[in-house]
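Trainee: I am new to this structure. Please choose one part and take me through it closely, step by step.

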Amino acid sequence: MPRLTYLTKFALLSLAVLVTFGLIAGISGPGLGAQLKVAGALVLGWMVLVGIAAHATSRFTHQIAESERLALHDPVTELPNRILFHDRAQQAIAGSDVTGPGVAVLLLDLNRFKEVNDTLGHHNGDLLLAQVGRRLEQALPQSDAVVARLGGDEFAVLLPRLDRESAALAAAYRIAETLRTPFVVAGLKVDVEASFGIALHPDHGEDPEELLQRADVAMYVAKRRHTGAEVYAPQSDEYSPDRLVLVSELREAIDTSGLVLHYQPKVDLRLGRVVAVEALVRWQHPRRGLLPPIEFVSLAEHTGLIGPLTRFVVARAIRDSTTWLEQGVDIRVAVNLSPRNLHDPTLPAHVAGLLADAGRGPECLEFEVTESTVMADAVLACAVMDRLSAMGTGIAIDDFGTGFSSLSHLRQLPVDLIKVDKSFVLNMDRSEDDAVIVRSTIALGHSLGLEVVAEGVETEESLQSLRALECDFAQGFHVCRPLPADEIASWLVSSPWSQAAVAVPAPA
Ligand code: C2E
Ligand code: CA
Ligand code: CA
């Protein structure tokens, strides 16, 4: 039977009251009938009012509960999100301070998720995550445990009232066991493995943030050792001392300008002039020399240092571009973002603050994000990208063609530019397959109203081919290698691609 709303219930009740009064009035004669009619009308009016108020209150309460649920849960798996996890962990820690014993935090990510997302598509990736979420819930060893999705393929499990490493490891192995049965996605069997990092309160951390960070370090060790699960242990861990030293050196480098930016020009093929430079970070390490980003960006990603690193890069890029502007060179600067930057809702406001401090407009900045960066957690990533784009900064999809390229997704993203991945451009003159990819990406970009950059242009031949294909911009060693800020400043004013080198049409 369909559920009756409050309003319907009260209308029916009121009707019943009215009919009863009518019947009594009919039986007992006109005098009493008139009084009863007035009383009946008053009661009826009152009940209708109460009914409407109750209905409105119940809808309002329902809406508040619904928006709270949405704010605290991940829409893909319907599990608690990072905010709710923090809250529950905080409560468990507070509770354990009173009752003892401790609290365990397990962090896990799926070892082959990216492959699934890349080959079967984002929608199927989401279906897999939802299934994984359900299995994790079923595998929980205690009723007050909480499982949450933190973003991308990263989940966290909170086990209150647990302080023994062996018990936490046993819980991790038990959960790993339930993931071992293949999942079925799009009719295909998919094997998923997870790596677990474990941190215990009070031994490894005071608060949820510290516990998650330590669990992240342990997870990294589990991946490197291929052990499946590790408990955070600074002394016994053979990778950790080195790594901890490196992490603290990196933290110091970020704070003390030990990082340097090299810049690589992006040139407009139609106008024949430089329009932008890409900032590429390097670490001037005191003993190991100039380190390329591959040596430390992923370390920064896994230790919570990527936020400060990116903030440093954006600030330095704005500062350098302001210097060039003072020298008469007006170009944009592109900054690369990592997945975790796109999960940081405070990034847009921080960027706006840096621009305001420098007295610069948003059009001097561009952000580059890879397809997989966006797909790691499309909902969160889109929210941050939307805000950056609404501020007026440009957004480019980097390494286009290497990840899962969904047209429908691309159309929903606030993107101005796509960068054809260098792996295709490098070989476009030798491999017909790569040439086809470059050609169709340019056509695809243009048909969506986007501009297209080809990166990895190493020869004059590819430059000419790209020009013939009406590619908008080119970047690569053939135009210019990435150079330190002072060297790029001279290149910007003296190269054949410099803005001054472009012939200014003679006045009519
Ligand atoms: P990317 O964004 O795809 O950057 C382009 C990379 O290709 C750069 O390597 C650049 O030096 C190299 N490259 C440029 N032209 C050519 C060419 O013609 N041929 C070849 N073979 N390579 C070329 P780099 O500087 O080592 O950077 C590697 C990656 O590190 C970047 O790839 C980017 O994903 C990441 N990265 C660099 N700086 C940052 C940063 O500030 N933040 C983050 N999150 N990632 C960064
Ligand atoms: Ca890039
Ligand atoms: Ca790239």
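Mentor: Let's begin with a polar contact of 3.3 Å that joins the side chains of Arg 282 and His 262. A polar contact is a pair of N or O atoms within 3.5 Å; within protein, one must be able to donate a hydrogen and the other to accept it, and residues adjacent in sequence count only if both atoms are side-chain atoms. Before we go further: this is a predicted model, in which local features need pLDDT of at least 70 and side-chain atom pairs count only at pLDDT 80 or more, while totals for chains, interfaces and linings use all residues. Residues are numbered from 1 along each chain as its sequence is written, chains are lettered from A and ligands numbered from 1 in the order in which they are written, and side-chain values use heavy atoms, with hydrogens and water left out.

Arg 282 sits in strand E9; helices (H or I, at least four residues) and strands (E, at least two) are DSSP runs, numbered from the N terminus. Arg 282 is buried because its relative accessible area is 15%. Here buried means under 20% relative accessible area, exposed over 50%, and partly exposed in between (1.4 Å probe, protein chains only). Its contacts, leaving out residues up to four places away in sequence, include Gly 258, Leu 259, Val 260, Leu 290 and Phe 296; contact means heavy atoms within 4.5 Å. Although Leu 259 is 23 residues from Arg 282 along the chain, their C-alpha atoms are separated by 5.7 Å.

Arg 282 also leads us to ligand 1. It is among the residues that come nearest to ligand 1, together with Gln 264, Ser 338, Glu 458 and Phe 477, out of 21 around that ligand; a residue is near when one of its heavy atoms lies within 4 Å. Gln 264 places a polar side-chain atom 2.9 Å from a nitrogen atom of ligand 1. On the oxygen side, the side chain of Glu 278 has an N or O atom 3.2 Å from an oxygen atom of the ligand, and for Lys 422 the corresponding distance is 3.1 Å. The protein covers 81% of the 800 Å² of accessible area that ligand 1 has on its own; such areas come from the Shrake-Rupley method with a 1.4 Å probe, and for residues only the protein chains shown count as cover. Two or more shell residues come from each of strand E9 (273-285), E13 and helix H16 (422-426), with E9 giving the most, 4 residues. By type, the shell divides into 9 nonpolar, 5 polar and 7 charged residues, where Ala, Val, Leu, Ile, Met, Phe, Trp, Tyr, Cys and Pro count as nonpolar, Asp, Glu, Lys and Arg as charged, and the others, Gly among them, as polar.

Glu 278 has a second role to notice, as a donor to a metal. The calcium ion (ligand 2) is coordinated by Glu 278 (OE), Asn 336 (OD1), Glu 368 (OE) and Asp 398 (OD), at 2.2 to 2.3 Å. Donors are N, O and S atoms within 2.8 Å of the metal (3.2 Å for Na, K and Ca), and sites may look incomplete because water is not among the atoms. Distant parts of the chain are linked here: Asn 336 lies in strand E11 (residues 332-336) and Glu 368 in strand E12 (residues 365-370), 32 residues apart. Asn 336 is partly exposed because its relative accessible area is 29%, while Glu 368 counts as buried at 1%.

Follow Asp 398 next, as it bridges this calcium ion (ligand 2) and the calcium ion (ligand 3), which lie 4.1 Å apart. The protein donors of ligand 3 are Asp 398 (OD), Asp 399 (OD) and Glu 455, which is listed twice through OE, at 2.2 to 2.4 Å. Again distant parts are linked, with Asp 398 in strand E13 (residues 394-400) and Glu 455 in strand E15 (residues 451-455), 57 residues apart. Both Asp 398 and Glu 455 are buried.

One more residue ties in with this site. Lys 266, in strand E8 (residues 259-268), has Glu 368 among its contacts, along with Val 277 and Val 453. Lys 266 is buried because its relative accessible area is 1%.

Finally, for the wider setting, the chain has 19 helices and 17 strands, and buried residues make up 47% of its 508 residues.
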